[in-house]
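Visitor: Before I trust any label in a structural description, I would like to hear the reasoning behind it. Could you take me through a few cases?

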Amino acid sequence: MRPNLFSGASRLLTYSRNGKLLTRGRSTKATSSSLDSQHQDAATTEGGRSESVEESPEQQQKLPTREPLAKNFFIGVVDKELLAYPEVIPRDEMAQLENALLPLKNYFVEPRETEETSPETLRQLGLYGLNVSTDYEGKGYGWSASLMASEPDSTDINVTLGLQTHRVVVDLLKEVGTPLQQQRYLQDLATGKLIGSEAIYEISPPEEDYFNTQAELFPETGKWQLNGEKSFVICTPGERQLFLVLAQTQQPNVPGVLGRGTTIFLVDSQQEGVRLGEKHATFGCRKAEIRRVHFDGVKLGEDQVVGLPHDGNRYSEQLVRSSRLRGSLVGVSLAKKLLNELAQYTVNTTQCGVQLQDLELTRIHMSRAMCSVYAMESMLYLTAGMLDEFRAQDVTLESAITKYFTLQQLYAIATQNLGVVGPKSLLSGETTELGLRDAAQLCTQGESLDTLGMFIALTGLQHAGQAMNTGVRKSRNPLFNPGHIFGKFLDTNSIDNPKTKMQLSEHVHPSLEAPAQCIELSVARLQMAVELMFTKHGNAVVERQSEMQRLAEVGTLIYAMWASVARASRSYCIGLPLADHELLTATAICSEGRDRVRTLCTEIYGGHFVNNDNNLVRLSKQVAKSKGYFAVHPLTFNF
């Protein structure tokens, strides 16, 4: 047996493209000291130089880093202080922000003479500089404020896709860009003279390499040459763009797989060799300019490399965190829009003398959609609040969970709306039809839901493996640790009746005592399920993908419950309108979440012979062998 679980050999998933997973070779420690040190330690370049990384004044004003919230769920640990929903925007600044958003809300809510919104209009509204520092003519908003300021434009999905990918480029430049890169690009990005866009995904990735798009370094000149093409790039034809390109590179004098890496480049659309390709005819978001971009021998300088060469995976964590949070906002806005349209339809529609809103099934559907949207929004702003409040806070898992939950529930709302509206929803141009198309586009473009689920489970298991290593090693060697095994036999803790001492109810409003108890039971069950998986499978746990998907869903549900309870408690304590209904919403979320968590953890405990996984795996072999459906016709005779 290997002595250390997930130490070196098991590698953390960091990025995906078209279902293919990329991994990084370094483990990411999730302790407070390591999180602080990743911004304080020196970054060593290829030649052995050290580049000291200094914290910005904004980072220095934040509170010290806390232990990661969602990762600790996997080891049965909770941070009770984070049940206080973050209030990172002071009252006076909130009033100013709300006033500043009025023109944006009026523009995107009121009917417009022209269907399309031009880049010049977006520049006049100041939408390109929301998250750019005031030093570069931006608004200087933090995570929470910039997400809130993005809500008006997120109601138009075809417009917001370009704005959100622009803001992702700005986020990365702010965090890991050099001072020279920031001075060169941020001011133009803030004013909209330069529009940022991610160029990461490829339709047909190679079987062995990371990307078909590759860059070669010429040491004698220090220049790079970029070749390849990217797909699903949000473009603005006729405007100058800055593409954030992730390409495969090879370290000098290190042949083969060992020298293979990725590098992030900043590529100006006006450089020689950059060419916009055809527009993708996508399933949804049809008015957005989603295109191929070709790079034919593009010459790049050292100042166009983001971070260190050949080490792009290190910086992809910041990249995907921003992309996931801003992508989640788009999903939340679309889900709100679908819910509002459905509510309006049920109020105004009568069938057989009965209003649709009075039917119990319709009520249940709308209530479930309401709970889902409430949880999405709570998770999004809780994650953003932690980034704003704490220095270098690790929210890698929280951002992935937020996107995973948001897209899952968004698609469920969009499909269920079809059944309520009926055949009318199938007509081209209907809001339900457009909503379903856009929801499917968001769920499929970029990271798939399966990939996100695997990332959540792998990240949680890696964190838990470091903490549970000693106990699991004893459980997997019972003959050498009889005392440990005897203690396990005497333990009365069970998956059906777990014991907890978290006392979360002391940190929320007394009306939320029952939901807080649901969270406690769910965290305890998750910890027990993780420990069992390690004990049964050891390092091979990464091959148990069905169980890992269950684990990802459990972790996601717990974070949704946590964020909802924290938000509802704050709303009721400060007397927000309809706060009593927020308590009811959080209670409903936690009640259903607790039951679903118990079911999933029971399936993990039962094993693949009990939970039907074994039957499904055996069937899949014959399906693959027959290349599809293998059963003969049900009326066939056997003579």
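Visitor: Where does Ala392 lie?

Guide: This is a predicted model, and in it Ala392 lies in the loop between α10 and α11, the latter spanning residues 396-421. Its phi is positive, about 50°, although the residue is not a glycine.

Visitor: Why is a positive phi worth pointing out in a residue other than glycine?

Guide: Most residues other than glycine have a negative phi, so a positive value goes against what most of them show. His310 also has a positive phi, near 65°, and is found in the loop between β12 (305-306) and α9 (312-348).

Visitor: What makes Ala392 count as buried?

Guide: Its relative accessibility is 12%, and buried means under 20%, so Ala392 counts as buried. For His310 the relative accessible area is 8%, which is under the 20% cut-off, and therefore His310 is buried.

Visitor: How do you know whether His365 is buried or exposed?

Guide: The relative accessible area of His365 is 8%, and because buried means under 20%, His365 is buried. This residue belongs to helix α10, residues 360-389, and, not counting residues up to four places away in sequence, His365 touches Leu342, Ile413, Gln416, Asn417 and Val420.

Visitor: Why is Gln124 called exposed?

Guide: Gln124 has a relative accessible area of 63%, and exposed means over 50%, so the label follows. Gln124 lies in helix α5, residues 119-125, and is 67 residues from Thr191 in sequence, with 8.9 Å between the two C-alpha atoms.

Visitor: What lies 3.2 Å from a polar atom of the side chain of Asn72?

Guide: That is the backbone oxygen of Pro68, and since a polar contact requires N or O atoms within 3.5 Å, the distance of 3.2 Å satisfies that limit. Asn72 is found in helix α3, residues 69-73, and is buried because its relative accessible area of 8% is under 20%. Leaving aside neighbours within four places in sequence, Asn72 is in contact with Glu67, Val77 and His463.

Visitor: Why are α15 and α17 called roughly parallel?

Guide: The axes of helix α15 (residues 513-537) and helix α17 (residues 579-606) come within 9 Å and cross at roughly 20°. Angles under 35 degrees count as roughly parallel, and α15 and α17 are therefore roughly parallel to each other. Their crossing is left-handed.

Visitor: Which residues of α15 and α17 meet?

Guide: On the α15 side they include Pro515, Leu521, Arg525, Met528 and Lys536, and on the α17 side they include Cys590, Arg594, Val597, Arg598 and Tyr605. By class, the contact of α15 with α17 has 14 nonpolar, 3 polar and 4 charged residues.

Visitor: What makes α4 roughly parallel to α6?

Guide: The axes of helix α4 (residues 91-109) and helix α6 (residues 143-154) come within 8 Å and cross at roughly 20°. Because that angle is under 35 degrees, α4 is roughly parallel to α6. The crossing of α4 and α6 is right-handed. Met94, Leu97, Glu98, Leu101, Leu104, Lys105 and Phe108 of α4 make the contact with Ala145, Met148, Ala149, Pro152 and Asp153 of α6. Sorted by class, the residues of this contact are 9 nonpolar, no polar and 3 charged.

Key
Residues numbered from 1 in each chain as written. Predicted model: local features only at pLDDT ≥ 70, side-chain atom pairs only at ≥ 80, totals over all residues. Heavy atoms only, no water. Axes fitted to C-alpha atoms, helices over the stretch in contact; angles between N-to-C directions. Helix = DSSP H or I, 4+ residues; strand = E, 2+ residues; numbered from the N terminus. Parallel < 35°, antiparallel > 145°, perpendicular 65-115°, else oblique. Left-handed = near helix turned anticlockwise from the far one by under 90°. Contact = heavy atoms within 4.5 Å. Nonpolar A, V, L, I, M, F, W, Y, C, P; charged D, E, K, R; others polar. Buried < 20%, exposed > 50% of the residue type's maximum accessible area, 1.4 Å probe, protein only. Polar contact = N/O pair within 3.5 Å; in protein donor to acceptor, adjacent residues only side chain to side chain.
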